[in-house]
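Open the model in your viewer and keep the sequence panel at hand. This tour tells you what to select at each stop.

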Amino acid sequence: MASDEPVTETAAEDAETYERRHLEQVKRQLQRALQTIEQRLNDYAREVQQQKEYLWEGRADMDHAEKVSTRESIERAAATGEAVQERQRRLAKLRRAPYFGRFDFAPAGGEGQPVYIGIHHFHDDDSGEDVIHDWRAPIASLFYDYETGPATYHAPEGAVEGEVLRKRQFRIRDGEMAFMIESSVNVVDEVLQEELARSSDEGMRNIVATIQRDQNAIIRDADAPVLVIQGVAGSGKTSIALHRIAFLLYHYKESLSSDDILILSPNRVFSDYIADVLPELGEEAVHQVGMEQLAHELLEGEYRFQSFFEQTTALLERDDPAMRERVARKSSTEFLDRLGEYAGYVESRRFAAEDIWVARRYVPGWLLEETFRKHRRLGTTERVRQVTHEIERKIGLEYNVDLEPGERRELREKIKGMVQQSTLRETYKGFFEWLGEPDLFRPVKGRLEYADVFPLIYLKLRLEGMNSRWRDIKHLIVDEMQDYTPVQYAVLGRLFACNMTILGDASQAVNPVTASDSAEIQRALRGAVRVKLTKSYRSSYEITRFAQRILPDPELEALERHGEEPEIIACRNRKAENATLCRTVEEFLASDHNHLGVITRTQRQARQVHKALADAGLEAQLVDEETGTFGHGVLICSAHLAKGLEFDRVVVPMASADNYASETDRHLLYVACTRAMHRLTLTHTGAVTPLIGPAA
Ligand SMILES: Nc1ncnc2c1ncn2[C@@H]1O[C@H](COP(=O)(O)OP(=O)(O)OP(=O)(O)O)[C@@H](O)[C@H]1O
């Protein structure tokens, strides 16, 4: 029978023997805590049941107050029961993997104490010890930030200085220790290498055990109001943003809940891909919304418009220089500046103020104008009502008279008559006339081009203000920041007066016509702080080097995790190329990899590839704008929709000179190749694309 005495490390035994004994002890402690919880849950269930019976049986004799009080006590017991259940879930998870790291820290002048770090905190009531520390606790930052030697962490009471005496890392699965590493270096490479070499999961996984120092600094930055993260492909931007949410929810637990956080997500398949990270970290999932949905809501469903996906597809598949020019113009900072000027111009002419008489009292035009200006955040009807109300109050104060209902009506009509009425659409159309370029506005059969949607919303915000269900959001996350225009950032800045984490990679703009870089975003959002991540984790060294031949970035650091060289397979004709693709799929199906991505330049090509595989009897999921799940197996998608995703193996078909030719294509090819973790294959007929530069 195992002893319940605390285990202590003896000089005679080796570290691993000690850690195995310690693990068994922690598992016993967790088991006891779980039994206590089970007991408490049974007690709560019994209490709720008894109260319900009491209420039911005694309802005829109870007065109203007594019934209310009994119901309240049932609700209280049920709520406490739910909180206890949540704790039970956390402890059960800990029992499978209690911790992943340990370090011994000696505060200045004190003795070294072991600190174990896990995904959740665990306090053992029997021994009164903090057995496991949450990875987000202030002391846990030592694990990520320091090797052995002098170290400091920031507790709520101030900086704590001392020394890290030893550091160990563990992999514990299903309660068993798979390995332990005694390490003196910062989150040792070996464990990271192991993590990265694994096959992909059903969705994005948490990285708590191997967060790197530069990543940790971003995750724990609780002060920056707007943090703009520019990071190379696979540098962990999305992972970091999600871990940062988990950190902020922990750090500000009294004032921030998951309901206060919103992720602006590029598409539905990406939303699904990242959906499990926060629940894995013990937090509730947060709201996610796409730009189009946000636009629909803000325009109250009054306008029909093209989607971003349709715009990108049209830019890639149609040869229409005029459309390209329209989209490019509306994506420039200069366009935002001119739109801002125009909004000021419309606002200044919106109200033709004049002196008036009401109830034989004089009201000067300047007062009406000033009051009207003050309420620019309200819609027109509400604004007129508010101005009428304030002027009436001022008349009361100045002349000591109360207006009769008829006089009030007359005042309102006069004020309303001063407002230059036109619809939002007319006002927006007027902008292009004001610019002297009416051809820049081209709705098709009443449907707006996507490039017009956010400029229109910007005008609405400036001229009428807006009510949004998201107005109470306290933290906004914007992923794939390069895909949004300065106008979109201006809209976000006005709509969300809250902290933001914005992340992306200018090299991955699948639509360079509309791309923004971190400097432009910093200009559009006041108080923004920029940080950079240059180390790439996703792909093997060989794949990362290969992607650098397509789009070099002198700052990028490829991680030394080696794998097979990417293959470029020349095929005689399309039929032979399809046969090669089918062979690759079959090879993948026989491997222990979980995800194969076949990534094409356009959506039309994705459909062609899907058909070729279907004709060969091979099953694959074709991803389009509506796809809401990231399933496993073979996924076929365009580079646009592959952004943010990753696959064990990627095939890029049609990598020929005529298919990948332009600068836009260069970015698409780069996105496609950087989705691969372990293997990459390109196939082509005719000459291979010249966008792949020479090997270094
Ligand atoms: N510190 C880390 N430890 C383990 N894995 C990591 C770490 N950092 C990143 N990764 C892994 O690298 C991969 C890329 O991460 P992520 O998708 O967050 O990067 P990204 O910068 O958003 O990529 P992209 O812009 O190319 O879509 C993921 O598999 C992630 O788990």
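**First stop: two helices that cross**

Select residues 365–374, helix α13, and residues 380–399, helix α14: the two pack at an angle of about 135°, with their axes 9 Å apart. That makes α13 and α14 oblique to each other, because angles over 145 degrees would count as roughly antiparallel and those from 65 to 115 as roughly perpendicular. The crossing of α13 and α14 is right-handed. Now show the residues where they meet. From α13, pick L368, T371 and F372; from α14, pick R383, V387, E390 and I391.

**Zoom out: the whole chain**

Before going further, note that this is a predicted model. Reset the view and take in the chain. Its C-alpha atoms fill a box of roughly 100 × 85 × 60 Å along the principal axes. The chain holds 24 helices and 23 strands. Of its 696 residues, 39% count as buried. Consider the contacts between residues at least 6 apart in sequence: 72% of them join residues at least 24 apart.

**A second helix pair**

Select α12, residues 333–349. Add α18, residues 486–495. Their axes lie 8 Å apart and make an angle of about 50°. So α12 and α18 are also oblique to each other. To see the meeting point, show T333, F335, L336 and L339 in α12. Opposite them, show P486, V487 and A490 in α18.

**The loop between β8 and α6**

Which residues does UniProt list for "binding site"? The entry is unreviewed, and it gives G231, V232, A233, G234, S235, G236, K237 and T238. Select them. Strand β8 covers 226–231 and helix α6 covers 237–251, with A233 in the loop between them.

Start with A233. It is buried, with 24 other C-beta atoms within 10 Å; the cut-off for buried is 20 or more. Leaving out residues up to four places away in sequence, A233 touches D505, S507, Q508, S536, A547 and T674.

Move on to G234, in the loop between β8 and α6. G234 is buried, with 26 other C-beta atoms within 10 Å. Its contacts, again without residues up to four places away in sequence, are S536, Y537, R538, S539 and T674. Now add L556. G234 and L556 are 322 residues apart in sequence, yet their C-alpha atoms are 11 Å apart in space.

Finish here with G236, found in the loop between β8 and α6. Is G236 buried or exposed? It is buried, with 25 other C-beta atoms within 10 Å. Beyond its neighbours within four places in sequence, G236 is in contact with I207, Q215, L533 and Y537.

**The six-stranded sheet**

Next, find the sheet. Its 6 strands are parallel and form an open sheet in the order β18-β23-β22-β19-β21-β20. Select 567–571 for β18 and 621–622 for β20: these strands stand at the edges. Each has a single partner strand, so one side of each is left without a neighbour in the sheet.

Stay with β18 and add β23, residues 676–685. The two run parallel and are joined by 5 bridges. For one pairing, show E567, whose bridge partner in β23 is T681.

Now bring in the helices. Select α21, residues 574–589, which packs on the sheet. It touches β18, β19 (595–600), β21 (633–638), β22 (647–652) and β23. The direction of α21 makes about 160° with that of β23. Then select α24, residues 663–673. Helix α24 lies across β19, β22 and β23, and runs at about 145° to β22.

**Last stop: two positive phi angles**

Most residues other than glycine have a negative phi. Two residues here are worth selecting for their positive values.

Select R360, where phi is near 65°. R360 sits in the loop between β11 (356–358) and β12 (361–363). With 8 C-beta neighbours inside 10 Å, R360 counts as exposed.

Then select E480, with a positive phi of about 55°. E480 is in the loop between β13 (475–478) and α18. E480 is buried, with 23 other C-beta atoms within 10 Å.

Notes: Residues are numbered from 1 along each chain as its sequence is written. This is a predicted model: local features need pLDDT of at least 70, side-chain atom pairs count only at pLDDT 80 or more; totals for chains, interfaces and linings use all residues. Two strands pair if DSSP finds at least two bridges between them. Helices (H or I, at least four residues) and strands (E, at least two) are DSSP runs, numbered from the N terminus. Two residues are in contact if their C-beta atoms, placed from the backbone, lie within 7 Å. Axes are lines fitted to C-alpha atoms, for helices over the stretch in contact, and angles run from 0 to 180 degrees between N-to-C directions. UniProt positions are given in the numbering used here, feature names are shortened, and annotations may be inferred rather than shown by experiment. A residue is buried if 20 or more other C-beta atoms lie within 10 Å of its own, exposed if 12 or fewer, and partly exposed in between; C-beta atoms are placed from the backbone. Angles under 35 degrees count as roughly parallel, over 145 as roughly antiparallel, 65 to 115 as roughly perpendicular and the rest as oblique. A crossing is left-handed if the near helix is turned anticlockwise from the far one by less than a right angle, and right-handed if clockwise.
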